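Here's a quick briefing to read with the model open beside you. Let's see what there is to find in it.

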Amino acid sequence: MGLQRDFAVVELLPGETNTELCAKVDATLGEANESDGTMVFCDLLGGSPFQAFAICSLGREDMRVVYGTNLGMLLEMTVLRNDGASLDEIASKVEEVGRAQIGVLVDQFDPLDDDDF
């Protein structure tokens, strides 16, 4: 998908407090080019990264916090933002893609049957 612009990673280190994480989040957001808004991806609803970004997003109409992130959601976001989609369009589509990529494989194919692949 090539080199991407305006990406940042905020790492939660072992033993780091929410206050310390929030300070790193604020610093990263301060450096961001927010002309098109900011979309944040977190792993777990209610986890420390989610909590820090949720606090930072209060009162900001130009920020979306996405939780439960999987690789398909990140790839979809990359394609959509490169195509010029709006923040709300991207948020809606990545949620749809994330939900569609969750499931349990049960008796859907015979692993010994080459025709299934």
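Start with helix α1: β1, α2 and β2 are among the elements that cover its buried residues. Keep in mind that this is a predicted model. From that helix we'll move on to a residue in a strand, and then to the pockets.

**Helix α1**

- Which residues of α1 are buried? They are L21, C22, V25 and L29.
- These residues sit on the same side of α1, because they cover an arc of only 100 degrees around the axis.
- There's a handy bit of background here: an α-helix has 3.6 residues a turn, so residues three or four places apart point the same way.
- Flip to the other side of α1 and you'll find T19, G30 and E31, which are exposed.
- The length checks out too: with 14 residues at 1.5 Å a residue, α1 should span 20 Å, and its end C-alpha atoms are indeed 20 Å apart.

**T38, a residue in a strand**

- T38 is part of strand β1, one of the elements covering the buried residues of α1.
- Is T38 buried or exposed? Its relative accessibility is 9%, so T38 counts as buried, given that the cut-off for buried is under 20%.
- Leaving aside residues up to four places away in sequence, T38 touches L29, R60, D62, M63, R64 and L87.
- You've met one of those contacts already: L29 is also one of the buried residues of α1.

**The largest pocket**

- How much space lies in the largest pocket? It's about 970 Å³.
- Its lining is made of 31 residues, and D6, F7, A8, M39 and V40 are the ones nearest the centre.
- Several elements chip in with at least two lining residues each: α1 (18-31), β1 (38-41), α2 (48-57), α3 (71-82) and α4 (87-100).
- Strand β1 supplies the largest share of this lining, with 4 residues.
- Sorted by class, the lining of the largest pocket has 17 nonpolar, 8 polar and 6 charged residues.

**The second largest pocket**

- The second largest pocket has a volume of about 270 Å³.
- Among the residues lining the second largest pocket are V65, V66, Y67, M73, V94 and I102.
- Both β2 (63-66) and α4 supply at least two residues of this lining, and α4 gives the most, with 5 residues.
- By class, the lining of the second largest pocket comes to 7 nonpolar, 3 polar and 2 charged residues.

How values were computed:
Residues numbered from 1 in each chain as written. Predicted model: local features only at pLDDT ≥ 70, side-chain atom pairs only at ≥ 80, totals over all residues. Heavy atoms only, no water. 1 Å grid on protein atoms, 1.4 Å probe; cavity = no way out; pocket = protein on both sides within 12 Å on 5 of 7 lines; lining within 4 Å. Points joined across faces, edges and corners; volume = space filled by probe spheres on them. Nonpolar A, V, L, I, M, F, W, Y, C, P; charged D, E, K, R; others polar. Expected span 1.5 Å × (residues − 1). Buried < 20%, exposed > 50% of the residue type's maximum accessible area, 1.4 Å probe, protein only. Arc of directions from axis to C-beta. Contact = heavy atoms within 4.5 Å.
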